[in-house]
Amino acid sequence: MEVLLKNIGTIITGNTPSKKNSKYWNSNDICFVKPDVIGDGVDNVNQSNEYISNYASSKARIVGKNTILITCIGNIGRVGIVSKEKIAFNQQISAIVPNCKINFRYLAYVLLFSKSKLNAMANSAVVPIINKTQLENFKIKIDSNLEHQAQIVEALDKIEEIKRIQDKEIKYLDTLIKARFVEMFGDPIINTKDLSLVSLGKLCTLKAGEFTAAKEIHANKDNINRYPCFGGNGVRGYVDNYTHDGNYSLIGRQGALCGNVQLTAGKFRNTEHAILVKPNVQVNYYWLFMLLKLEKLNRFSSGAAQPGLAVKTLNKIFIPIADLNLQNEFASFAQQVDKSKVAIQKSLDETQTLFDSLMQKYFS
């Protein structure tokens, strides 16, 4: 049956206690949740990157355990479940306190499935927003039988747990690669191994890609004559002509992706949002990629509202350079670990496909 959200729970819009009053923010008494701690699945929310004091309780929106949190500004439709006795949350998030008509985890999965519909009803193209009234009157389709709801939750929870384990394994392997790099070459930011330093502009040629209109980028690679087109964070789509061929690093130029480093392979194009890093001397491409990732290049960005990285700035930074044989040794280790990552990622993709099919079965 279809129900309005306001008929199965109380909806509360978040807020932020005044930053001008230091008493509200001078101790870590209560988690203050923002969208950055809510992931893409049904996450348990029990920590935050900011806290408020007990003194701020009367000025904050505070909810308890088993409350559903949903992002309603910007990246709409990310869902979390409060697993602490109390948390506060900001204005980008709405809370739904479920009533006795619905299993709280079942509601979280229904809302996750409804993400595309929620995005479609957002009332702004620039910064998508869903207000409290819209959320209260949002219709969802549910099974009214609480026992059936519990059975569905049990099935989906099992798959979510498998996904979490697989994702954790991938993150562990990423950490292993980084740890091996630091073991061999030290922390590149402070050069703990006292390696020789060279300016990035001398070691490599850096150049931002050319402007690429959206109409030039195809969603799918329909034939062998289309090539990946990289933006600041991965492949945006496919284009009919490539500009580069090989294994190179790309550095994101703007906004949240400023300083993001990614690796290419084969024929590709990069847009104006990604800077190509092309070595002028012989270096191992994978070693250079990891070095740039660990350099945390966003620290060289400028601009508060919209941070950006200029090529002329990157050209002037100094980075440590290691013996080529050691570079190759590290790359060999890392690429073996990457093979394990690929295998786990394949399993994770299969698990996600199963999860998506069950969501469709239960909630469509």
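**Two sheets and a long helix: a walk through the model**

Let me begin with a pair of strands, since strand E14, which covers residues 227–231, and E15 pair in the antiparallel sense over five bridges. Within that pairing, tyrosine 227 has valine 239 in E15 as its bridge partner. I should say at once that what we have in front of us is a predicted model.

These two strands belong to an open sheet of four strands, whose order is E15-E14-E19-E16 and whose pairing is mixed. Its edges are strand E15 (234–239) and strand E16 (244–245), each of which pairs on one side only. For anyone new to this kind of description, strands of a sheet pair through backbone hydrogen bonds, either parallel or antiparallel.

There is also an open sheet of five strands, again with mixed pairing, and here the order is E2-E10-E7-E8-E4. In this case the edge strands, each pairing on one side only, are strand E2 (9–13) and strand E4 (42–45). On average, and ignoring direction, neighbouring strands of this sheet are turned by 30° against each other. Inside the sheet, strand E7 (residues 68–71) and strand E8 (residues 79–82) are joined in the antiparallel sense over three bridges, and isoleucine 68 stands opposite isoleucine 81 in E8. Helix H1, residues 104–113, lies across E4, E7, E8 and strand E10 (93–98), and it runs at about 165° to E8.

Now let me turn to helix H4, which takes in residues 146–185, 40 residues in all, and reaches 57 Å from its first C-alpha to its last, close to the 58 Å expected at 1.5 Å a residue. At the N-terminal end of H4, asparagine 145 acts as the cap, with a side-chain oxygen 2.8 Å from the backbone nitrogen of glutamate 147. Just after H4 comes glycine 186, which takes a positive phi of about 80°.

How do the axes of H4 and helix H6 cross? The axes of H4 and helix H6 (residues 285–294) come within 11 Å and cross at roughly 95°, and because angles of 65 to 115 degrees count as roughly perpendicular, that is how H4 and H6 are described relative to each other. On the H4 side the contact is made by Ile177, Lys178, Phe181, Val182 and Phe185, while H6 contributes Tyr286, Trp287, Met290, Leu291 and Leu294. Sorted by class, this contact of H4 with H6 has nine nonpolar, no polar and one charged residues.

Conventions. Residues are numbered from 1 along each chain as its sequence is written. This is a predicted model: local features need pLDDT of at least 70, side-chain atom pairs count only at pLDDT 80 or more; totals for chains, interfaces and linings use all residues. Side-chain values use heavy atoms; hydrogens and water are left out. Two strands pair if DSSP finds at least two bridges between them. Axes are lines fitted to C-alpha atoms, for helices over the stretch in contact, and angles run from 0 to 180 degrees between N-to-C directions. Contact means heavy atoms within 4.5 Å. The expected span of a helix is 1.5 Å times one less than its number of residues. A polar contact is a pair of N or O atoms within 3.5 Å; within protein, one must be able to donate a hydrogen and the other to accept it, and residues adjacent in sequence count only if both atoms are side-chain atoms. Angles under 35 degrees count as roughly parallel, over 145 as roughly antiparallel, 65 to 115 as roughly perpendicular and the rest as oblique. Ala, Val, Leu, Ile, Met, Phe, Trp, Tyr, Cys and Pro count as nonpolar, Asp, Glu, Lys and Arg as charged, and the others, Gly among them, as polar.
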